[in-house]
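The following exercises concern helix packing and internal space in a predicted model. Each task is followed by a worked solution.

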Amino acid sequence: MDTKHTEEPVFDSVWQRVTENSDNEYPPVINDEMILTDLIAAEKGNYSFYITANKLCGSCSPLFAALAETSRKRLGRLQTFYFLMFGNNCKTDKLTVNVPQGTLSALRSAYWRENETSSKLISASMAISRGRFSTFGAEFARQAAENAEHIIQIIDRIMK
């Protein structure tokens, strides 16, 4: 049996439906610049969150001060990588950051910020292979995961 003749009409009809539904547009390609811009914007948000939380949550002020310092260093290194790769400074929109009322709520938000940062950095370190970014991205991801674990330990102590 000649399957080539029976497969062609099926392929053609499926292909026609796909192209009709997509308006012949391909999804946007995610490139290194977009990935780094997203990381820098997120890290600016983290830094702003930790600075604000440091002022509002006195009992955990040392933790939020340490997280702010870590975030500041990470942000600086991400901006350095951006400059090395693209030859200019990364411009991102200003972020409005809301810190929830209460220490436990702020810690919960901080945990999710560090968790999300770790995930984004892991993805970025696998996607960007230029320079030494993958090495630093993986190190920053590990650092963010450790921060998240530290936050869990503090929440455990508070809740006991």
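**Exercise 1.** Determine how the axes of helix H3 (residues 61-86) and helix H5 (residues 133-159) are oriented towards each other.

*Solution.* Step one is the geometry: the two axes come within 12 Å and cross at roughly 165°. Step two is the classification: angles over 145 degrees count as roughly antiparallel, and therefore H3 is roughly antiparallel to H5. Step three is the handedness: H3 passes H5 in a left-handed crossing.

**Exercise 2.** Identify residues through which H3 and H5 meet, and describe the contact by class.

*Solution.* On the H3 side, the residues are Leu 63, Leu 67, Thr 70, Arg 74, Arg 77, Leu 78, Phe 81 and Met 85. On the H5 side, they are Phe 133, Phe 136, Phe 140, Gln 143, Ala 144, Asn 147, His 150, Ile 151 and Ile 154. Sorted by class, this contact has 11 nonpolar, 4 polar and 2 charged residues.

**Exercise 3.** How many cavities of 30 Å³ or more does a search of the whole structure find, and which residues line the largest cavity?

*Solution.* The search yields 1 cavity of 30 Å³ or more. The volume of the largest cavity is about 30 Å³. Its lining consists of Leu 39, Ala 42, Glu 43, Leu 78, Thr 117 and Lys 120. Next, the lining is assigned to helices: H2 (32-56) and H4 (103-127) each supply at least two residues, and H2 gives the largest share, with 3 residues. By class, the lining has 3 nonpolar, 1 polar and 2 charged residues. Leu 78 belongs to this lining and also to the H3 residues that meet H5.

Definitions and conventions
Residues numbered from 1 in each chain as written. Predicted model: local features only at pLDDT ≥ 70, side-chain atom pairs only at ≥ 80, totals over all residues. Heavy atoms only, no water. 1 Å grid on protein atoms, 1.4 Å probe; cavity = no way out; pocket = protein on both sides within 12 Å on 5 of 7 lines; lining within 4 Å. Points joined across faces, edges and corners; volume = space filled by probe spheres on them. Helix = DSSP H or I, 4+ residues; strand = E, 2+ residues; numbered from the N terminus. Nonpolar A, V, L, I, M, F, W, Y, C, P; charged D, E, K, R; others polar. Axes fitted to C-alpha atoms, helices over the stretch in contact; angles between N-to-C directions. Parallel < 35°, antiparallel > 145°, perpendicular 65-115°, else oblique. Left-handed = near helix turned anticlockwise from the far one by under 90°. Contact = heavy atoms within 4.5 Å.
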